[in-house]
Structures are given as structure tokens and as C-alpha cells.
Amino acid sequence: MTTASTAAGAPGAPGGSAALRPHAEVAFAEELAALAAADDRPRPERWRLSPWAVAVYLLGGTLPDGTLITPKYVGPRRIVEVAVATLATDRALLLLGVPGTAKTWVSEHLAAAVSGDSTLLVQGTAGTPEEAVRYGWNYAQLLAQGPSREALVPSPVMRAMRQGMTARVEELTRIPADVQDALITILSEKTLPVPELGEEVQAVHGFNLIATANDRDRGVNELSSALRRRFNTVVLPLPATAEAEVDIVTRRVEQIGGSLRLPAAPDGIAEIRRVVTVFRELRDGVTEDGRTKLKSPSGTLSTAEAISVVTGGLALAAHFGDGVLRPGDVAAGILGAVVRDPASDRVIWQEYLETVVRERDGWKDFYRACREAGA
């Protein structure tokens with residue numbers, strides 16, 4: 001089993017916050033505080049929790065005083081243990097997987113549990129400059145006074161080095177190769193030179209870095225062998241079973257629906273299970289009974305996309321229906337997720353509708369809704 005995410009696979013209700021999407025350390029502050037109070041195991045320097053407690057926070061459990069820790073990641077325990085253990089060493093952590101396997105979600109929660117702050121973040125894009133990884137300048141002060149400590153603007157990575165905290169780099173393979181290489185000295189020597197000032201910033205105990213990258217992005221800006229050696233790579237898989245994926249989608253949709261103040265959908269599990277079944281069959285290229293081979297569309301059809309489809313369906317049911325999640329509420333979302341390439345994916349979808357959905361018991365309403373959505 002695994003999770004999904006762009007936040008996928010994350011059960012639990014956020015704490016009291018007016019923010020639409022509170023940071024993990026805010027949303028789950030009570031759980032983190034309870035874990036810290038109950039945690040009597042050795043902690044690496046500047047860690048808020050011991051590695052054991054960080055794993056409990058991610059995987060869920062019950063504390064001796066009865067406090068329930070909700071699982072943030074539903075998947076193999078060993079994956080989480082390896083990730084946490086890596087952060088306790090001098091090697092950085094690279095979370096790798098196809099889109100929608102909870103890389104960002106796991107990264108955020110690891111940083112929140114280890115450092116109490118998940119906001120030291122560099123978002124990787126094709127336009128990410130070197131300053132985002134190293135440092136920049138306040139140009140008004142730079143022009144007035146020349147290079148100085150006051151004019152220097154530290155990056156999230158530099159701040160993490162100074163404070164002994166966990167920095168995060170999202171979508172590492174989308175960052176230009178020359179900017180990626182700015183991390184090599186930081187990760188190998190644990191230092192960041194500032195030649196303009198004739199000094200350097202040395203990382204203090206507690207500093208480490210979590211990066212994420214998509215399997216599908218290997219050809220965008222592939223990591224150099226020198227940089228890859230600085231990381232311990234942990235691959236986050238897609239959910240192993242349909243039941244695991246249904247559980248992930250159900251929990252995460254409940255959380256998102258709560259934050260958006262959407263009414264709870266009675267008996268919505270049937271449509272969630274249907275969405276998951278469609279995604280898994282098209283993703284795997286075979287029906288769940290193994291009898292019919294299928295063509296897979298160009299999209300990833302990840303658990304995160306299933307969560308988005310169901311959440312959109314809930315909004316339709318709440319605002320334009322009777323509040324009950326029905327086939328018509330998810331049909332358009334599924335069509336949009338499956339048909340990314342109008343030329344090839346539409347043919348694959350139509351073939352799936354006519355050969356699988358049409359003949360399946362109890363799916364007649366879904367079949368009609370999909371036909372109407374694609375008309």
C-alpha cells in the first residue's frame with residue numbers, strides 16, 4: 001500500500017486555522033505536541049522528535065496515554081523508516097516516484113516532524129534561479145552600501161543550514177542543471193561560500209535536505225552522477241491494492257472537503273470505489289479480474305488525480321445536486337483525467353466504455369453519465 005499526494009494519502013483533520021491549507025506543523029500541532037511529550041527516545045541534535053516518533057507521526061499509531069496519531073502516509077513501513085533514518089545521517093533524501101505518489105506530502109510532514117517548520121522550501125521550475133538555492137541580494141542596499149551581510153538575502157537552504165533545520169526542494173529535475181549543481185558543495189561539504197563577502201556559511205547539526213522528483217521527468221534535467229551520489233533515493237510506489245487506494249482517497253477527500261466546508265456525502269464510498277477501479281484498470285492495462293487487456297492512456301491516472309475527481313464531484317453534488325455523490329458528478333472529472341491527448345486517449349476511453357463499463361453489472365448509470373459527459 002502507499003499514498004498519493006500532492007497531498008494524497010493523508011488522513012486526519014487539520015487543526016484550527018483560518019488558512020485554506022495550513023502547513024503540516026499547524027494542522028497537526030496537537031499530534032506533534034503529544035508525540036513530543038510521550039517521546040523518551042534519543043533525538044538527533046535539534047530534532048523536535050526522535051526518529052521513532054517521526055515514523056509514528058507519518059504512519060499513525062496510539063500513544064500510551066491513548067492519544068490517536070492519524071496516519072499521514074499509507075504505505076510500506078520500511079519506506080518511512082529508511083527515509084527518516086536517512087535524515088539522521090549526513091546524506092540528503094530524494095523522494096522519487098510517478099506523479100501523485102505523495103512525494104510533496106511526505107516531504108512536508110517529514111520536515112514538520114523533524115524541524116517543526118516545513119516552510120523552508122525551494123519550488124523547482126524551469127526558471128528557478130541559482131539565488132533560490134544559494135542567496136540573493138537586496139539591490140537597494142547593495143547599490144547604496146555594496147556587498148554586506150545586511151544586503152544579503154538568504155535562501156531557504158541557507159536559512160536551514162544556519163538554524164540546523166530541514167530544507168525542501170520540490171521537483172528537483174525541473175530545475176536547470178547548473179542550478180542543481182549549486183547543491184553539490186552544500187550537500188558534500190556542508191558549507192555555502194559567499195565570495196562577495198569573503199566568508200562562508202557552515203551548516204550546523206540538524207541540517208539536512210529533502211528533494212522530490214518525478215519518474216516521468218527523468219529526461220527534463222536529469223541529475224548529474226555527482227549530485228545523485230549526495231542523495232539516498234527512496235522510491236514511493238503507487239498503492240498496491242484497490243482497497244488501499246480507496247482508503248487513501250476516502251480519507252484525503254474527507255480532509256479536503258472539511259477544509260472547503262463541503263457537506264459530507266452520504267454513501268459516497270460507492271462512487272469513490274468506482275473512480276479508483278477505473279483509474280487502476282486503465283493505469284494497469286487490464287481489468288481487475290484479469291480477463292480483459294486494455295490500452296492505457298497517456299496520463300498518469302494517479303491517486304492524487306482520483307482525489308481531485310472525487311473532490312470536484314462532491315462540490316457538484318453539494319452545490320448543484322442533492323448532496324449525494326452520484327455517477328454524473330464524477331463522470332466529467334474522469335473524462336478530463338483520462339483524455340489528455342484528444343487524438344489517442346479519446347479512442348482508448350471510448351473502447352473502455354463500450355467493452356468494460358457497458359457490460360458491468362451496476363454500472364449502467366455511470367455508463368450513461370460518461371456518454372453524456374463526452375457528447
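Is Y135 buried or exposed, and at what relative accessibility? At 4% relative accessibility, Y135 counts as buried, a term that means under 20% relative accessible area, with exposed meaning over 50% and partly exposed in between (1.4 Å probe, protein chains only).

This is a predicted model, in which local features need pLDDT of at least 70 and side-chain atom pairs count only at pLDDT 80 or more, while totals for chains, interfaces and linings use all residues. Residues are numbered from 1 along each chain as its sequence is written, and side-chain values use heavy atoms, with hydrogens and water left out.

Select F28 and Y57 next: they form an edge-to-face aromatic pair, 6.4 Å centre to centre with 80° between the planes (ring centres of Phe, Tyr or Trp, the last by its six-membered ring, within 6.5 Å; planes under 30 degrees apart are stacked, over 60 edge-to-face, the rest tilted). Both F28 and Y57 are buried.

Now add Y135 and W137, whose ring centres lie 5.8 Å apart with planes at 85°, so this pair is also edge-to-face; W137, at 13% relative accessibility, counts as buried.

Return to F28 and show K72, which lies over the face of F28 at 4.9 Å from the ring centre, and whose charged end also sits over the ring of Y57, 4.1 Å from its centre (NZ of Lys or CZ of Arg within 6 Å of the ring centre and within 35 degrees of the ring normal).

Finally, select V278, F279, I334 and W349, which touch the most other members of the largest nonpolar core, a set of 37 residues (buried Ala, Val, Leu, Ile, Met, Phe, Trp, Tyr and Cys joined through side-chain atoms within 4.5 Å).
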